Amino acid sequence: MEIKFLGHASLLITIGESRLLVDPFISGNEKAANIIDVNALHPDYILLTHAHQDHILDAESIAKRSGATIVSNYEIATHYQTKGINVHPMNHGGNWSFDFGTLRYTNAIHTSSFPDGSYGGQPGGFIISTEEKQVYIAGDTALTMDMKLIPMTFKLDLAILPIGDNFTMGIEDAVIASDFIQCDNILGYHYDTFGYIEIDHKLAVKSFENAGKTLHLLPIGASLVV
Ligand code: NI
Ligand code: MN
């Protein structure tokens with residue numbers, strides 16, 4: 001499984017022949033817009049953790065151009081279905097087998113309104129399970145005790161956690177989260193995009209190192225293979 005960081009909370013995940021785009025926010029991200037060509041993205045699936053602008057901005061245009069299926073909570077899926085886009089609705093705790101593997105929609109503590117203020121259901125994250133690997137994408141979330149449920153069912157090879165603070169967990173809580181989910185291999189996201197979430201990279205890496213864990217901070221456009 002290859003995970004490419006597209007900036008902020010946007011990821012392009014390649015599993016065999018399948019391409020999964022997560023929370024596309026590229027055209028509005030001045031740090032990513034010059035590096036990532038939105039029109040060159042041809043995903044099979046678009047996974048949306050919640051309805052905030054910094055997670056859905058490019059979802060509609062990419063879905064309409066590529067014919068990708070949007071996978072999200074029921075409310076977000078319905079929102080895009082009315083626009084003629086293929087969707088797969090899920091809700092918290094549910095699993096579904098796709099051609100690339102299985103997804104679970106996980107709990108997150110956050111909010112989920114659309115940019116116009118309309119209801120975007122409850123926010124979540126995803127666990128991707130293939131025959132080889134299990135990867136947790138936390139979405140925007142606080143540290144939550146619900147994370148302790150994850151290792152009861154999953155053995156994570158990688159967890160993608162928000163570390164930017166203010167709107168989500170910060171570094172200190174993300175280290176605790178990595179204990180809760182029993183995963184030592186962490187990819188940080190949702191940091192540095194705007195002033196509220198700027199982080200000290202060295203401090204972040206060191207904080208995980210002190211806990212015996214690895215924190216990856218990828219430049220935009222770089223990939224990680226698990
Ligand atoms: Ni959010
Ligand atoms: Mn966000």
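Strands S2 and S3 form a hairpin with two residues between them, and Gly16, which lies in the turn, has a positive phi of about 60 degrees. Strands and helices are DSSP runs numbered from the N terminus, with at least two residues (E) for a strand and at least four (H or I) for a helix. The structure is a predicted model, in which local features need pLDDT of at least 70 and side-chain atom pairs count only at pLDDT 80 or more, while totals for chains, interfaces and linings use all residues. Residues are numbered from 1 along each chain as its sequence is written, chains are lettered from A and ligands numbered from 1 in the order in which they are written, and side-chain values use heavy atoms, with hydrogens and water left out.

Within the hairpin, S2 (residues 11-15) and S3 run antiparallel and are joined by five bridges; two strands are taken to pair if DSSP finds at least two bridges between them. Leu11 has Val22 in S3 as its bridge partner. S3 spans residues 18-22, and four of its five residues are buried, where buried means under 20% relative accessible area, exposed over 50%, and partly exposed in between (1.4 Å probe, protein chains only). S3 is also joined to S4, in this case by three bridges and in the parallel sense. Leu21 is there partnered with Ile46 of S4.

The hairpin strands belong to an open sheet of seven strands in the order S6-S5-S4-S3-S2-S1-S14, with mixed pairing. S6 and S14 (223-225) are the edge strands, and each pairs on one side only. On average, neighbouring strands of this sheet are turned by 20 degrees against each other, direction ignored; the axes are lines fitted to C-alpha atoms, for helices over the stretch in contact, and angles run from 0 to 180 degrees between N-to-C directions.

Strand S5 (residues 69-73) is mostly covered, with five of its five residues buried. On one side, S5 pairs with S4 (residues 45-47) in the parallel sense over three bridges. Tyr45 stands opposite Thr69 in this pairing, and Ile46 has Ile70 as its bridge partner in S5. S5 also pairs with S6 (residues 87-90), again in the parallel sense, over four bridges. Ile70 stands opposite Val87 of S6. Together with helix H3 (residues 74-81), S5 and S6 make a right-handed β-α-β unit; a crossover is right-handed if, with the strands pointing away from the viewer, the path from the first strand over the helix to the second runs clockwise.

Thr69 is found in S5. The relative accessible area of Thr69 is 18%, and the residue is therefore buried. The C-alpha atoms of Thr69 and Gly188 are separated by 26 Å, with the two residues 119 apart along the chain.

A further open sheet of seven strands has the order S7-S8-S9-S10-S11-S12-S13, also with mixed pairing. Strands S7 (95-97) and S13 (214-216) stand at its edges; each has a single partner strand, so one side of each is left without a neighbour in the sheet. The average turn between neighbouring strands of this sheet is 20 degrees, direction ignored. S8 and S9 (residues 124-129) pair in the antiparallel sense over six bridges, and Leu103 stands opposite Ile128 in S9.

The loop between S8 and S9 contains Gly117. Gly117 counts as exposed because its relative accessibility is 54%. Gly117 and His52 are 65 residues apart in sequence and 9.5 Å apart in space, C-alpha to C-alpha.

The largest pocket has a volume of about 170 Å³. Of the 14 residues that line this pocket, Arg104, Thr106, Asn107, Leu149 and Ile150 are the closest to its centre. A pocket is defined on a 1 Å grid over the protein atoms alone, as an open set of points where a 1.4 Å probe fits, with protein on both sides within 12 Å along at least five of seven lines; lining residues have an atom within 4 Å of a point. The elements that give two or more residues to the lining are S8 (102-107) and helix H4 (150-153). S8 gives the most, with four residues. By class, the lining has six nonpolar, six polar and two charged residues; Ala, Val, Leu, Ile, Met, Phe, Trp, Tyr, Cys and Pro count as nonpolar, Asp, Glu, Lys and Arg as charged, and the others, Gly among them, as polar.

Terms used. Points joined across faces, edges and corners; volume = space filled by probe spheres on them.
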